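Reader: Please explain how the descriptive terms applied to this model are justified.

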Amino acid sequence: MDWLEVKITTTSAGIEAVTGVLMQLGINGFVVEDPDDFESFLTDPNIYKDYVDEDLYKLREVQPAVTVYLPGNEQGADMLRAVQSEIGKLRSLGADQLGVETGELSITLGNVREEDWENCWKKYFKPLKVGEKFMIKPTWEEITEPTDRIILEIDPSSSFGTGSHETTKLCIETLESIVKPGCTILDMGCGSGILGIAAYLLEAGDITAVDIDANSVRIATENFERIGADAELRLMCGNVLAENEAAEKLRAALAEKKYDIIVANIVADIILAMKELFASLLKDEGRLVLSGIISERAEEVAEGMKSAGFEAITIRERGGWTAILEKKANQ
């Protein structure tokens, strides 16, 4: 199998934040280059420096970085999008919110130019059936066989959300069973906009989509425009968990209405950090769809949501990922 090398440059202080994001995505194997670690090694009086290869001293000058290797197939292509999306969100937070300077957080692809990969990966993204109702179709593909499924056309660009990842499939399948004509939807962490578009095609009448990454909001907007969505639509960029004026305005804008359905396909820690916000924005009879949760943390998330007044209706697992459908416990 071919492998794609993905290198994320950061700072020594930022390595923990980067590896934390990767582990949230289920990536537990990575290579860390940290000149601070090597400097500590060189200054250790218990190490015999005569046995250190001279070339190793050059490691003191390397740029701190974290490298992962993804399979060169459909799964790897979708995981690359998840990495790009989550690192973009980390970049958006900045040193003030993270508490450490993370550097440029640039992503480079080994042995292939990024512009070549942006075209090459498309060969892995073909029309696919999701759930009982949908056919996900990339914009550059044609569907030649007749189908009675709803066609959901998407161009994810560098944002997460092609429909092939297990978390996205689980969310779409859940939306199929709960979206009612005219209902209000909030998609937190919208990425490519695929879940909001799925809700729109299921006849949701009012859709709000939010992402911390401005690029994701731009891509989601383009995808909604491409299908000619005529529902009431709001796409917003910002970090609802921040403590600043922009975040306060975003939270106020979200609170202008209550939602029948909130869907959050993000990561476990952010879900738990948003639990009180979800409780305040969801209608009493509403439903909360949570995913992006690695299965090892599913019980932790389900238990954590109880403290905000939620009760799990269903917990579904597939391929190491979990989706939880919640309701308010008093309903």
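The exchange below sets values against definitions.

Author: This is a predicted model, in which local features need pLDDT of at least 70 and side-chain atom pairs count only at pLDDT 80 or more, while totals for chains, interfaces and linings use all residues. Residues are numbered from 1 along each chain as its sequence is written, and side-chain values use heavy atoms, with hydrogens and water left out.

Reader: What makes Phe125 and Trp140 an aromatic pair, and why is the pair called edge-to-face?

Author: Rings of Phe, Tyr and Trp (its six-membered ring) pair if their centres lie within 6.5 Å; planes under 30 degrees apart count as stacked, over 60 as edge-to-face and the rest as tilted. A search of the whole structure finds one such pair. The centres of Phe125 and Trp140 are 5.6 Å apart and the planes stand at 80°, so the pair is edge-to-face.

Reader: Where in the chain do the two partners lie?

Author: Phe125 is in the loop between helix 4 (114–120) and strand 5 (128–130), and Trp140 in the loop between strand 6 (134–138) and strand 7 (150–154), 15 residues apart. Helices (H or I, at least four residues) and strands (E, at least two) are DSSP runs, numbered from the N terminus.

Reader: Why is Phe125 called buried, and what is the status of Trp140?

Author: Buried means under 20% relative accessible area, exposed over 50%, and partly exposed in between (1.4 Å probe, protein chains only). Phe125 has 4% relative accessibility and therefore counts as buried. Trp140, at 26%, therefore counts as partly exposed.

Reader: How do you know whether Leu105 and Glu203 are buried or exposed?

Author: The relative accessible area of Leu105 is 0%, so Leu105 is buried. Glu203 has 52% and is therefore exposed. Leu105 is located in the loop between helix 3 (74–98) and strand 4 (107–110), and Glu203 in the loop between helix 6 (194–201) and strand 9 (206–211).

Reader: What makes the phi values of Leu105 and Glu203 worth stating?

Author: Most residues other than glycine have a negative phi. Phi of Leu105 is near 50°, a positive value in a residue other than glycine. Glu203, also not a glycine, has a positive phi of about 85°.

Reader: Which residues have the most contacts inside the largest nonpolar core, and what makes a set of residues a nonpolar core?

Author: A nonpolar core is a set of buried Ala, Val, Leu, Ile, Met, Phe, Trp, Tyr and Cys residues joined through side-chain atoms within 4.5 Å. The largest has 30 residues, and those with the most contacts inside it are Met188, Leu254, Ile262, Phe278, Leu290, Val301 and Met305. Apart from this core lies another, of 29 residues, among them Leu128, Leu175, Val179 and Phe224.

Reader: What does Leu290 touch?

Author: Contact means heavy atoms within 4.5 Å. Not counting residues up to four places away in sequence, Leu290 touches nine residues' worth of partners listed as Ala264, Ile271, Phe278, Val301, Met305, Thr322, Ala323, Ile324 and Glu326.Reader: Why does Leu272 count as buried?

Author: Leu272, in helix 9, has 17% relative accessibility and therefore counts as buried. Leaving aside neighbours within four places in sequence, Leu272 is in contact with Glu300, Val301, Gly304 and Met305.
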